[in-house]
Amino acid sequence: MVNRLVIAAPQGRTGKTTITLGLLRAFRRRGLKVQPFKKGPDYIDPSWLSAAAGMACRNLDAYFMEPETICKSVFMAKDNCNLAIIEGAMGLYDGLDLAGSSSTAEIAKITRTPVVLVLDASRMTRSAAAIVLGCQHFDPQVNICGVILNKVSRLRHETILREAIETFCHVPVLGAIPKDTGLNIPDRHLGLITQGESNESDRLLDYFADIISMNVDLDSVYQIAASQPGAIIYDANDTLPQITPINERQKTVKIGVLRDKVFSFYYPENINELVRLGAQIIEIDSLTEPSLPADLDALYIGGGFPEVFAADLEKNDAFRIAIKEAVESYLPVYAECGGLMYLGRSMTVNEQTHSMVGALPFDVIMEAKPQGHGYTLLEAAESNLWFDPGTTIKGHEFHNSRLIDLDPAIAFACEVKRGNGIDGFHDGIIYKGVFASYNHLHAYGNPQWAKHFVSNAMNYRSAKHLQEVLG
């Protein structure tokens, strides 16, 4: 049993994320350990959810992960927290198809978790009950146990809303947030700004918690989470990796991870899997470090916002040169989206062109609209160090950039079966030890990835040692 709750909404832009942040910080201030989860392939919301809870947020996604893996991922939180809160995405029933595949509702059903619905009450009264009633009856297997109203005008407005919902829907209104409370976070083209970019994140999160504590019945929210209708069910033979502590002496390879305000899009499970398989993680700041550590065996460059910090990345030319030299020396490098962009020759943002690493033969240009957005499915077609031919790779992409002036001789590892990739047909540039793509993957949905990553690092270390011995 895990005390757990899904925070969902009939649609996006209802204030669901800020209310979830306020709940996490409010429960944390009560002395509870709260494990946050985010439905879907998101990096930015989880960075805020992690900061609010003081515990790394995990992602749950039915496109990447099997139901047993999702359940076990939630169940594993039971020993480290008093409460698990799962923030949904988009509308409660919004998914990939008519059946609602990969929706928040599907996650709630898979994990047998009660749902609290956040409702934007702007310019409505009794209609709020109709919306809640529709959500209840659209799929009776989804257990909607309460409602939090957002953007409530005044006491009379709140009274009518409460009476309508509790009379016709038979669920409690757990809270009513007044409008114009400033419950928002600045955003940009791909969503909210990352938590690491805000110098006032703690002040904001404490403010959210203050608003929630004043306007939401936290005791009732916790009681709903603690009285879920059934235990999480999963196959006892499921092979979700356990995070087994490894003695420092047992760690066989050193993998560098560019982790700073530029590159911050990493699933915790991806890093944990590398550690579980014997890697020591060395975090590196791309803006301040003059070079790579001399004893690295591999490099991981995740996504982020290199376009926002392109001028700063360009200024650290010594670091860019060091990465290019490492690529030429066959260092295994895995780069996703922002990492792919960084490895190119240049990046043009708002008609300003900035030099990048120059390890791969293309240039990057930023566009006003997304060039790739949504779930992806790749198939490894060419022999490479990272994925066996024929392997299917599930992931997602979300970027406003595109590659131009690609060298015609460039080699791709994967064919795109779903999504856009680099050119609509291919993704995964391979060059020496590099695999660079727009695709983001999750280790639990692609178990081969971490094994090959560590294996490549081991082979590189062995080859380097042999070269040193032979002089």
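These are my notebook entries on the sheet and the helices that pack around it in a predicted model.

Entry 1, the sheet. I looked up the strand order first. Seven strands form an open sheet, and the order reads β3-β2-β4-β1-β5-β6-β7. I noted the pairing as parallel. At the edges I found β3, residues 58-60, and β7, residues 173-178, each of which pairs on one side only. For the twist I have an average of 25° between neighbouring strands, with direction ignored.

Entry 2, β1 and β5. How many bridges join strand β1 to strand β5? I found three, between residues 4-8 of β1 and residues 115-120 of β5, and the two strands run parallel. I also looked up the partner of I7 and found V116 in β5.

Entry 3, α5. I recorded that helix α5, residues 127-138, packs on the sheet and touches β5 and β6, the latter spanning 144-152. The direction of α5 makes about 145° with that of β5.

Entry 4, α2 on the sheet. Helix α2, residues 44-53, lies across β2 (34-39), β3 and β4 (83-87). Against β2 I noted an angle of about 170°.

Entry 5, α2 and α7. I then checked α2 against helix α7, residues 201-215: the two pack with their axes 10 Å apart, at an angle of about 75°. Angles from 65 to 115 degrees count as roughly perpendicular, so I entered α2 and α7 as roughly perpendicular to each other. Which residues make the contact? From α2 I listed W48, A51 and A52, and from α7 S201, L204 and L205. I sorted the residues of this contact into five nonpolar, one polar and no charged.

Conventions: Residues numbered from 1 in each chain as written. Predicted model: local features only at pLDDT ≥ 70, side-chain atom pairs only at ≥ 80, totals over all residues. Heavy atoms only, no water. Pairing = 2+ DSSP bridges. Axes fitted to C-alpha atoms, helices over the stretch in contact; angles between N-to-C directions. Contact = heavy atoms within 4.5 Å. Parallel < 35°, antiparallel > 145°, perpendicular 65-115°, else oblique. Nonpolar A, V, L, I, M, F, W, Y, C, P; charged D, E, K, R; others polar.
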